[in-house]
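I opened this notebook to record what I looked up in one structure. The entries follow the order of my queries.

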Amino acid sequence: MNNELMNIDERVYNGSFTTIKVEDKKSAAKVYNAATGKCESLRENVNTVIPMKDIYIEKVYLKIRDDKGEETGEVQEANRMVIISEDGRNYSTCSKGVYSALKRIISIFGMPEDWENGKLEIIPVIISTGKGQVLSLKVNE
């Protein structure tokens, strides 16, 4: 791993971060489709083994809603993550817990070229905290 890839926060802040090496039209299309295409909710796939092949992360701005679901007029920065599976399905979330987990995964397991067979099996999980619940990732042993 080189140092450029280790600072995910800086790359996201300046646009986006992806593990996809953009070398030709096909790989560029894969990044574009991850950013703009149909995604399944990662939260709706809790406890499902996902053979993660690549990651795309971008900064987004979300409208804040009150307890009744009404927009307050304020916006909040968030990181939108798309996990690209081996079978081409995309899973999306803006969870802070998943963002932290992905940074840890990359720092411990490296990039996809370091993963066995170019994939890493992950499992979305809900972790209870003192203030509620957080969506996170577990690595399948």
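**Entry 1: positive phi angles.** Is N117 buried or exposed? I note beforehand that the model is predicted. N117 counts as exposed, because its relative accessibility is 64%. I then looked up where this residue sits, and found N117 in the loop between α4 and β6. Its backbone also drew my attention: the phi of N117 is near 60°, which is positive although the residue is not glycine.

I searched for a further entry of this kind and recorded N47, a non-glycine residue with a positive phi near 70°. N47 belongs to the loop that runs between β2 (40–41) and β3. Its relative accessibility is 60%, so I listed N47 as exposed.

**Entry 2: cysteines.** How many disulfides does the count give? The count comes to 0 disulfides. For C39 I confirmed that it takes part in none, the nearest cysteine sulfur being that of C94, 10 Å away. Why is C94 not bonded to C39? The sulfur of C94 has its closest cysteine sulfur in C39, and I marked the pair as unbonded because 10 Å is too far for a bond, the cut-off being 2.5 Å.

I also looked up the exposure of both residues. C39 has 22% relative accessibility and therefore counts as partly exposed. C94 has a relative accessible area of 31%, so I entered C94 as partly exposed too.

**Entry 3: nonpolar cores.** I next asked how many residues the largest nonpolar core has. I recorded 22 residues, and those with the most contacts inside this core are L42, M52, I83, L102, I105 and L137. At least two residues of the core come from each of β3 (50–65), β4 (71–85), α4 (96–109), β6 (120–129) and β7 (132–139). Which of the elements gives the most to this core? It is α4, with 6 residues. As general background, I noted that nonpolar side chains in soluble globular proteins tend to be buried together.

I then listed the contacts of M52, leaving aside its neighbours within four places in sequence. M52 is in contact with I83, I84, S85, L102, I105, W115, G118, K119, L120 and I122.

Apart from the largest core lies another, for which I recorded 7 residues, including V31, A35, Y56 and V82.

**Entry 4: recapitulation.** I closed the queries with two loop residues, N47 and N117, and with no disulfide in the count. For the largest core, my record stands at 22 residues, with α4 as the main contributor.

Technical notes:
Residues are numbered from 1 along each chain as its sequence is written. This is a predicted model: local features need pLDDT of at least 70, side-chain atom pairs count only at pLDDT 80 or more; totals for chains, interfaces and linings use all residues. Side-chain values use heavy atoms; hydrogens and water are left out. Buried means under 20% relative accessible area, exposed over 50%, partly exposed in between (1.4 Å probe, protein chains only). A nonpolar core is a set of buried Ala, Val, Leu, Ile, Met, Phe, Trp, Tyr and Cys residues joined through side-chain atoms within 4.5 Å. Helices (H or I, at least four residues) and strands (E, at least two) are DSSP runs, numbered from the N terminus. Contact means heavy atoms within 4.5 Å.
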